[in-house]
Number of protein chains: 2
Amino acid sequence: MKKSTLILLLSVLMISCSQKQEKLVNTKLLTIEEKIDSTNLKKLFNSALTEGKSYEWLRDLTQNIGSRLSGSSGAAKSVIWGEKLMKEIGLDSVWLQPVMVPHWVRGEKEIANYTTKSTKKNVPICALGFSVATPKNGITAEVIEVKSIEEAKALGSKMKGKIVFFNRPFDDTLINTFRAYGGCVDQRVNGAKVCGEFGAKAVIVRSMTNSIDDYPHTGTMSYGDLPKEKQIPTAAISSRAANILSVDLKQNPELKFYFKQSCETLPDAPSFNVVGEIKGSENPENIVVVGGHLDSWDLGEGAHDDGTGIVQSLEVAYLFKKNNIKPKNTLRVTFFMNEENGTRGAKKYAELAKLNKENHIGGLESDAGGHTPRGFSIDANTVNTKLLQSWKKLLSPYGLHDLDKGGSGADISPLKGENVTLVGYRPDSQRYFDYHHTSTDTFDKVNKRELELGSASMASIIYLMDKYLYSNEPVKP
Amino acid sequence: MKKSTLILLLSVLMISCSQKQEKLVNTKLLTIEEKIDSTNLKKLFNSALTEGKSYEWLRDLTQNIGSRLSGSSGAAKSVIWGEKLMKEIGLDSVWLQPVMVPHWVRGEKEIANYTTKSTKKNVPICALGFSVATPKNGITAEVIEVKSIEEAKALGSKMKGKIVFFNRPFDDTLINTFRAYGGCVDQRVNGAKVCGEFGAKAVIVRSMTNSIDDYPHTGTMSYGDLPKEKQIPTAAISSRAANILSVDLKQNPELKFYFKQSCETLPDAPSFNVVGEIKGSENPENIVVVGGHLDSWDLGEGAHDDGTGIVQSLEVAYLFKKNNIKPKNTLRVTFFMNEENGTRGAKKYAELAKLNKENHIGGLESDAGGHTPRGFSIDANTVNTKLLQSWKKLLSPYGLHDLDKGGSGADISPLKGENVTLVGYRPDSQRYFDYHHTSTDTFDKVNKRELELGSASMASIIYLMDKYLYSNEPVKP
């Protein structure tokens with residue numbers, strides 16, 4: 001058996017050796033200040049990975065409250081939940097910012113089907129946010145498939161009385177899936193507005209996803225300034241159903257598509273942003289805000305969108321306290337309300353910041369899912385962009401390589417200004433649109449370590465921003 | 001509604017803008033040759049993401065064949081499957097390399113439980129590969145918990161008649177989870193050997209995972225040169241059960257643990273490596289090999305370990321053919337048999353390579369799961385290591401930032417030599433040990449895009465290795 005022992009020992013050794021040593025920063029190459037930063041970042045990561053709370057907070061939010069569409073009872077419960085939690089972790093002050101939000105409700109579960117070659121096919125469908133209902137008995141009409149808004153416009157009055165079917169899929173060759181989303185979402189947002197103008201009966205849209213599956217993805221849409229009588233019902237169908245319908249339409253262009261939905265927009269409802277902060281030890285008047293959005297779509301549990309952003313933002317403050325790191329500037333955590341259909345919370349927050357002459361020097365938003373960290377996207381002046389990019393050697397040991405210029409996020413971007421450094425957390429995007437706005441965006445899709453690494457990544461950049469973005473004056477180059 | 005339109009248009013714009021532009025290489029900074037390479041890499045990625053076959057191949061392997069432990073009928077079926085597939089995609093030649101492999105079988109499902117404070121607790125347990133069975137009626141004994149091989153050795157004869165329980169958990173602060181595995185796996189591999197020597201009755205080991213859950217993780221172990229009469233049964237228990245047992249032992253150190261397993265090692269069985277190649281157009285005598293292992297543990301479906309490595313390796317050749325890229329050197333795809341418990345396939349492959357005076361200039365192994373790409377680990381001489389690292393600007397647009405020195409993998413490392421450039425594919429490691437060697441390593445855990453991005457990453461580095469590692473002569477510095 002001697003040989004076998006050797007083989008096994010060798011295998012074990014190979015396992016150990018084949019995996020490169022933990023890539024800690026080569027501290028020889030760092031300045032004294034950078035060594036301190038490197039040590040503090042490691043503390044934040046260790047803490048998140050061994051005593052982090054974000055995963056259990058997320059379990060509570062998603063499993064005990066669930067979906068949180070603006071105006072819903074879930075959203076109201078989440079406000080109470082957020083306020084309580086902020087107080088529990090011992091923030092210096094916690095308050096609610098009242099804000100009126102849109103109140104759209106889905107009503108009964110939608111139904112859709114059509115019959116072709118004597119086979120009835122049921123279609124997974126869901127109304128889009130702000131859509132009107134169909135008549136009580138639903139709509140039945142022929143379908144015209146198009147791939148773009150332009151193609152629809154070119155149809156003109158030909159679409160009269162028909163259902164227009166927008167079916168441009170994601171461009172799978174784009175490595176960043178958010179770019180694929182950006183390249184398709186106009187169909188969902190503007191399809192019904194354009195086709196209502198030309199007298200179409202309804203609009204159905206292929207779901208916004210790379211995945212070919214049976215889950216319809218909801219999301220917001222707009223009628224623009226279309227008069228009420230031209231506002232037509234609109235819904236998303238699953239990507240697989242879209243593929244099948246497209247094939248069936250080629251064989252049977254006269255097939256009749258039926259769908260029924262009973263959604264409606266109620267009067268605006270009262271709600272709140274939840275805000276808490278740790279007072280700055282040196283420049284309390286300067287604020288660095290970190291946040292995500294507390295509302296979610298009504299399908300699923302709002303886990304990756306944006307439960308993860310909420311618990312990670314709070315964990316930033318928790319990790320600071322746990323590691324006795326006192327921010328020089330005020331560290332503010334904000335749970336924004338109504339990002340999904342109106343961004344009223346974001347606007348209210350910025351409006352109050354202006355009214356109260358608050359001095360925001362930086363902001364960080366997490367609203368791109370809770371997957372494994374990849375980096376940050378920076379929306380700042382050139383000097384501060386370079387400053388943030390100079391932290392690459394401190395961040396890359398944690399898989400944070402992407403530090404490119406780009407947008408931050410819908411909730412903090414109203415704070416934009418020449419001297420405000422806004423940052424978007426950018427985890428890996430590959431799986432995000434598998435779950436986005438669907439019934440499958442649930443707690444079980446979130447990996448504990450990926451979530452915690454995200455919290456620590458966010459705490460790390462906030463630590464560095466707090467330390468090096470001293471004022472709202474542009475740093476001298 | 002005008003305001004609402006504006007808001008929505010703005011939201012859509014923000015979505016587009018907030019996500020940075022697709023980071024293609026800034027071609028202005030590239031040489032002409034690098035521009036050609038950049039274009040070819042993009043082709044390989046586009047092709048993998050739009051016409052890749054790896055996901056459907058993996059579905060077939062995992063769902064229609066399933067687990068493939070050496071010597072099992074699943075392993076035999078997978079050899080036929082692999083040979084057929086290699087022929088189907090049109091490799092120039094395909095053959096089998098006969099190899100005798102260990103043949104260990106689990107037998108009946110294991111049982112474990114203990115009673116404390118009048119409560120009977122069932123323990124999720126599984127025998128470790130190569131372990132002997134318990135007596136037919138199982139083993140019942142008191143338990144001594146230790147955290148390391150050293151601690152066990154220090155117990156000496158105190159462990160006589162007892163079950164030794166190795167319970168050192170993963171170090172969760174290590175960002176690369178393979179390092180945490182490397183820091184714990186000696187308990188699983190050597191625990192029974194050490195404790196058998198001192199007369200322990202059995203050994204149970206905490207499962208090798210970061211996750212706290214109910215799935216026992218199997219894996220190989222060794223008795224070394226321990227005589228038969230000292231070989232004691234050994235098994236893994238789930239991480240949650242390990243935590244609970246540890247608490248119970250503190251309250252009740254005399255509790256009796258019962259378990260039963262009926263595994264056995266049968267005589268060696270005949271099996272095969274599956275090998276196929278595309279003949280090199282310029283230097284057909286030079287070989288670059290890419291592979292993974294066809295065998296898997298008997299729990300689960302061997303999806304991430306290593307079904308993904310198998311289908312990605314074959315997809316490298318498929319992508320070359322699909323894009324009409326003719327390798328200068330011979331591109332060989334190898335499905336190695338028996339990585340999990342013996343690496344006999346790897347040894348046979350290296351032995352035959354030597355016997356047949358084959359000239360391997362490079363090798364790439366994928367055996368770290370099918371998650372989102374992070375980079376490669378390089379085992380090569382200094383000059384070639386630098387050469388590979390110089391491709392960073394071509395690889396980083398695809399999230400491939402890690403290009404560090406390190407091991408390659410258990411199956412290709414027997415080919416190691418001064419002038420052989422060996423590379424290990426390194427996807428993100430965060431989720432790997434959630435599934436590794438358990439019943440949950442199933443097809444549904446693999447994300448299609450992550451898998452395909454891996455295939456394309458591997459095809460990209462093979463493309464560059466094929467082009468720039470011309471010979472086995474060391475490149476002049």
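The following paragraphs describe two sheets, two helix pairs and two buried loop residues in a predicted model. Local features were taken at pLDDT of at least 70 and side-chain atom pairs only at pLDDT 80 or more, while totals for chains, interfaces and linings use all residues. Residues are numbered from 1 along each chain as its sequence is written, chains are lettered from A and ligands numbered from 1 in the order in which they are written, and side-chain values use heavy atoms, with hydrogens and water left out.

In chain A, an open sheet of 8 strands follows the order β1-β10-β12-β11-β13-β16-β14-β15, with mixed pairing. Here strands (E, at least two residues) and helices (H or I, at least four) are DSSP runs numbered from the N terminus, and two strands pair if DSSP finds at least two bridges between them. Because β1 (93-105) and β15 of chain A each have a single partner strand, they stand at the edges, and one side of each is left without a neighbour in the sheet. From one strand to the next, the twist averages 20 degrees; angles run from 0 to 180 degrees between N-to-C directions, and axes are lines fitted to C-alpha atoms, for helices over the stretch in contact. At one edge, 12 bridges join β1(A) to strand β10 (residues 264-278) of chain A in the antiparallel sense, and A:Q97 stands opposite A:N273 in β10(A).

Two helices pack on this sheet. Helix α9(A) touches β10, β11 (283-293), β12 (329-336) and β16 of chain A, with a direction at about 150 degrees to that of β11(A); contact means heavy atoms within 4.5 Å. Helix α11 (residues 382-389) of chain A touches β14 (373-379), β15 and β16 of chain A, and its direction makes about 170 degrees with that of β15(A).

Helix α9 (residues 303-322) of chain A also meets helix α14 (residues 448-468) of chain A, where the axes come within 8 Å and cross at roughly 55 degrees. That makes α9(A) oblique to α14(A), given that angles under 35 degrees count as roughly parallel, over 145 as roughly antiparallel, 65 to 115 as roughly perpendicular and the rest as oblique. Among the residues in contact are A:V311, A:E315 and A:L319 of α9(A) and A:L451, A:M458 and A:I462 of α14(A).

Elsewhere in chain A, helices α3 (residues 54-65) and α4 (residues 73-88) pack at about 155 degrees, with their axes 10 Å apart. They are therefore roughly antiparallel to each other. The contact includes A:W57 and A:L61 of α3(A) and A:W81 and A:L85 of α4(A).

Two loop residues of chain A deserve a look. A:S429, between β16 (421-427) and α13 (432-435), is buried at a relative accessible area of 7%; buried means under 20%, exposed over 50%, and partly exposed in between (1.4 Å probe, protein chains only). Leaving out residues up to four places away in sequence, A:S429 touches A:I175, A:N176, A:T177 and A:F178. A:H401, in the loop between α12 (392-395) and β15 (402-405) of chain A, is buried as well, with a relative accessible area of 10%. With the same exclusion, the contacts of A:H401 include B:H401 and B:D402.

Turning to chain B, 8 strands form an open sheet in the order β3-β2-β9-β5-β6-β7-β8-β4, again with mixed pairing. Strand β2 (residues 111-116) of chain B runs antiparallel to β3(B), joined by 4 bridges, and B:T116 stands opposite B:T119 in β3(B).
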